[in-house]
Amino acid sequence: MLGKRWVVQLLCVLVSLFMAVPIYLIALAAFTSREALNQFPLPLLPTSLSSETMGTFLRSTGIVGGLINSVTIGLSTVVLALAIGLPAGYALARHAFRGKDVYQLGLLLTRALPIVVLSVPLGRTFLDLGLYDTSYGVTLLHTALALPTTILITSAIFLGVSHEQEEAAMIFGATPLAAFVRVVLPQALPGIAASALFTFVLSWNEVLGASILTLGRRTLPAQLLATLADSPLAFRFAGGLALVLPALIFILIVRRYLLNMWGTTLR
């Protein structure tokens, strides 16, 4: 039993290293001077640290604006997706209705359609509605992309919350809404945190839709896609770090909350 535990721990360490080493190398290259970056072989420890490349990158046209747009759109997408997805997931978990399985399959199939197929009708529709080149338009698109997984994740977590506890709260005088808020919602918070994490990362990494629907108000990934193709190597590393770091910060915040609350979820 002890040997099995050590094997599991070793695998966890290897997986963590597999994910952390590329991030470390990108960060090291982003804060290495340009002269040292052109050396071969490159040292694995920081020896020529410099903020010149990162500072120049952040001062480049459209970078700070794209960063603000990405954070704003990502957080707005989380709020909107949860506002729509939580009631839908609760309905799937608590109520049986005709076509329920077909509905859930349809949710999954919406993710099977490549967004590039919808690029022309999306652009035309958003132009007609006056939403082209706006943060609202990109938020709506990202919400539509995130809703299927939001609904299915929250539905699965609501299934793990005992329906009898909810009924007991209503027997003692709580309204259905109060029973949901005071009994169901606290136990479902880990699943909601996981759904929020997935939604934010999906919105943060999505680049094709933002490139199609915006010109002047692009998200950071869309801005980098347009500008870094012909940029020097140092700027590409700086762009890679700028893409990874905010998403990592959000993941760490939600992960901490997720782990603290996971023990309250009924299995």
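This briefing describes the fold, the surface, one helix pair and two single residues of a protein chain. The model is predicted. The chain contains 12 helices and 0 strands, and 38% of its 267 residues are buried.

**Overall fold**

- Read from the N terminus, the order of elements is α-α-α-α-α-α-α-α-α-α-α-α.
- The C-alpha trace spans about 70 × 65 × 30 Å along its principal axes.
- Among contacts with a separation of 6 or more, 72% join residues that lie 24 or more positions apart.

**Surface and charge**

- About 15,600 Å² of the protein chain is exposed, and carbon and sulfur atoms supply 72% of that area.
- The protein chain carries 16 positive and 10 negative charges, and the mean positions of these two sets are 7 Å apart.

**Helices α7 and α9**

- Two packed helices are described by the angle between their axes and the distance between the axes.
- For helix α7 (residues 135-159) and helix α9 (residues 176-205), the angle is about 145 degrees and the axes are 9 Å apart.
- The crossing of α7 past α9 is right-handed.
- On the α7 side, the residues that meet α9 are His142, Leu145, Ala146, Thr149, Thr150, Ile153, Thr154, Ile157 and Phe158.
- On the α9 side, the residues that meet α7 include Phe180, Val184, Ala188, Gly191 and Ser195.
- Also on the α9 side of this contact are Phe198, Thr199, Leu202 and Ser203.

**Aspartate 133**

- Aspartate 133 sits in the loop between α6 (119-129) and α7.
- The phi angle of aspartate 133 is near 60 degrees, which is a positive value in a residue other than glycine.
- Aspartate 133 has a relative accessible area of 23% and is partly exposed. It does not count as buried, because that term requires a value under 20%.

**Leucine 58**

- Leucine 58 belongs to helix α3, which covers residues 52-58.
- With a relative accessible area of 38%, leucine 58 is partly exposed. This value is not over 50%, so leucine 58 does not count as exposed.
- Apart from its neighbours within four places in sequence, leucine 58 is in contact with Ile63 and Val64.
- Leucine 58 and glycine 239 are separated by 181 residues in sequence, while their C-alpha atoms are 9.0 Å apart in space.

Technical notes: Residues are numbered from 1 along each chain as its sequence is written. This is a predicted model: local features need pLDDT of at least 70, side-chain atom pairs count only at pLDDT 80 or more; totals for chains, interfaces and linings use all residues. Side-chain values use heavy atoms; hydrogens and water are left out. Helices (H or I, at least four residues) and strands (E, at least two) are DSSP runs, numbered from the N terminus. Buried means under 20% relative accessible area, exposed over 50%, partly exposed in between (1.4 Å probe, protein chains only). Contact means heavy atoms within 4.5 Å. Accessible areas come from the Shrake-Rupley method with a 1.4 Å probe; for residues, only the protein chains shown count as cover. Lys and Arg count as positive and Asp and Glu as negative; His and the chain ends are not counted. The place of a charge is taken as NZ of Lys, CZ of Arg, CG of Asp or CD of Glu. Axes are lines fitted to C-alpha atoms, for helices over the stretch in contact, and angles run from 0 to 180 degrees between N-to-C directions. A crossing is left-handed if the near helix is turned anticlockwise from the far one by less than a right angle, and right-handed if clockwise.
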